[in-house]
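Here are my notes on the model, set out as numbered points. Please read them with the structure open.

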Amino acid sequence: MLSFNPTNNTERENYKLLIGSIIPRPIAFVTTVAEDGTVNGAPFSYFNIVSSNPPTIAVSVQRRDDKPKDTARNILKAKEFVVHIVDEDNVAEINKTAATLAPDESEINLTHLTLTNSETVAVPGINEAKIRLECTLDHALELGEDNTVGTDLIIGKVVHFHVAEELYTDGRIDPVKLGAVSRLAGTNYAKIGEIFSMERPK
């Protein structure tokens, strides 16, 4: 087995080891609003559940040139955002939003995605997501070393759930009907694939 000491690696080498090892990763499409009213939308695969009591999620936003990305900056200012689950039906359009634009340009304009008002937060969501989570900022952590910050870790409390009616039966979400996609490494993505069950020990 090969062994690697991350302190001897470049950032890109550690990045490749992480994104190739920790798979599949769910993808959050996050919408935020800038101070000038621009709606920003961007996908992130450093994303997961933190807690169900209260319902809490985390999104890690890597910095570029030591500066926060639009998503992190907008969340830190407005204290709210919307997370959408990326699925087979919307992934191609959402992929377009990964383009690098100026803060006053909306990535939504690059797509056929359409905005919809939220119930609890001022940030709009997108109609094309089967699941969206309205969130308020709970904690924000700056992660880094050697006196530099490389990541803004955003921890958000879910204040409203939206779930497409056809997915929801007896309090459960159907994973096949959701058709969520996950991120692998490079340009690769994965679908749900075969589902199997296993009883947990009592």
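1. Pro24 sits in the loop that runs between α1 (11–21) and β1 (25–26). The model is a predicted one, and in it the peptide bond from Ile23 to Pro24 is cis, with omega near -10°. A second cis bond joins Asn53 to Pro54, with omega near 0°. Pro54 belongs to the loop between β4 and β5.

2. Some residues other than glycine have a positive phi. Asp65, not a glycine, has a phi of about 55° and is placed in the loop between β5 and α2. Asp170 has a phi near 50° and lies in the loop between β11 (168–169) and β12 (172–173). Asp65 is exposed, at a relative accessible area of 66%, and Asp170 is exposed at 76%. Lys79, the residue that follows α2, also has a positive phi, near 70°.

3. The largest nonpolar core has 23 residues, and those touching the most other members are Val30, Ile57, Val59, Phe81 and Val83. At least two residues of this core come from each of β2 (28–33), β3 (39–44), β5 (55–62), α2 (70–78), β6 (80–85), β9 (131–145) and β10 (148–163). The largest share, four residues, is supplied by β9.

4. Val59 shows how this core is put together. Leaving out residues up to four places away in sequence, Val59 touches Val30, Phe44, Tyr46, Phe47, Val83, Asp152, Leu153 and Ile154. Another core, of 10 residues, lies apart from the largest one; among its members are Ile94, Leu113, Ala129 and Val181.

5. Helix α2 deserves its own entry. Its buried residues include Asp70, Thr71, Ala72, Asn74 and Ile75. The cover over the buried residues of α2 includes β2, β3, β5, β6, β9 and β10. Within α2, Asp70 forms a salt bridge with Arg73, and their closest N and O atoms are 2.5 Å apart. The two partners are three residues apart in the helix, about one turn. Asp70 counts as buried because its relative accessibility is 14%, under the 20% limit. Arg73, at 35%, counts as partly exposed.

6. Which elements line the second largest pocket? At least two lining residues come from each of β4 (47–52), β5, β9, β10 and α4 (175–178), and β4 gives the most, five. The pocket holds about 800 Å³ of space. Its lining is made up of 28 residues, with Pro26, Ile49, Ile85, Ile131 and Leu178 nearest the centre. By residue class, the lining divides into 21 nonpolar, five polar and two charged.

7. Arg132 is a charged side chain to check by eye. This residue is in strand β9 and counts as buried, at 11% relative accessibility. Not counting residues up to four places away in sequence, its contacts are Val82, Val83, His84, Thr116, Asn117, Gly125, Ile126, His160, Phe161 and His162. The C-alpha atoms of Arg132 and Val86 are 9.5 Å apart, although 46 residues separate the two along the chain.

8. The structure holds nine salt bridges. How far apart along the chain are Asp87 and Lys130, and where does each lie? Their side chains meet in a salt bridge (3.2 Å, N to O). The pair links distant parts of the chain, 43 residues apart: Asp87 is in the loop between β6 and α3 (91–96), while Lys130 is in the loop between β8 (125–126) and β9. Asp87 is buried, at 0% relative accessibility, and Lys130 is buried too, with a relative accessible area of 14%.

9. Two further entries complete the salt-bridge list for this note. Arg63, Glu142 and Asp152 are joined into one network by salt bridges that share partners. Asp152 is also among the residues that Val59 touches. Glu11 pairs with Arg12 in a salt bridge whose closest N and O atoms are 2.8 Å apart. Arg12 counts as partly exposed, at 45% relative accessibility.

Conventions. Residues are numbered from 1 along each chain as its sequence is written. This is a predicted model: local features need pLDDT of at least 70, side-chain atom pairs count only at pLDDT 80 or more; totals for chains, interfaces and linings use all residues. Side-chain values use heavy atoms; hydrogens and water are left out. A nonpolar core is a set of buried Ala, Val, Leu, Ile, Met, Phe, Trp, Tyr and Cys residues joined through side-chain atoms within 4.5 Å. Buried means under 20% relative accessible area, exposed over 50%, partly exposed in between (1.4 Å probe, protein chains only). Contact means heavy atoms within 4.5 Å. On a 1 Å grid over the protein atoms alone, a cavity is a set of points where a 1.4 Å probe fits but cannot get out, and a pocket is an open set with protein on both sides within 12 Å along at least five of seven lines; lining residues have an atom within 4 Å of a point. Grid points are joined across faces, edges and corners, and a volume is the space filled by probe spheres set on the points. Ala, Val, Leu, Ile, Met, Phe, Trp, Tyr, Cys and Pro count as nonpolar, Asp, Glu, Lys and Arg as charged, and the others, Gly among them, as polar. A salt bridge is a side-chain nitrogen of Lys or Arg within 4 Å of a carboxyl oxygen of Asp or Glu.
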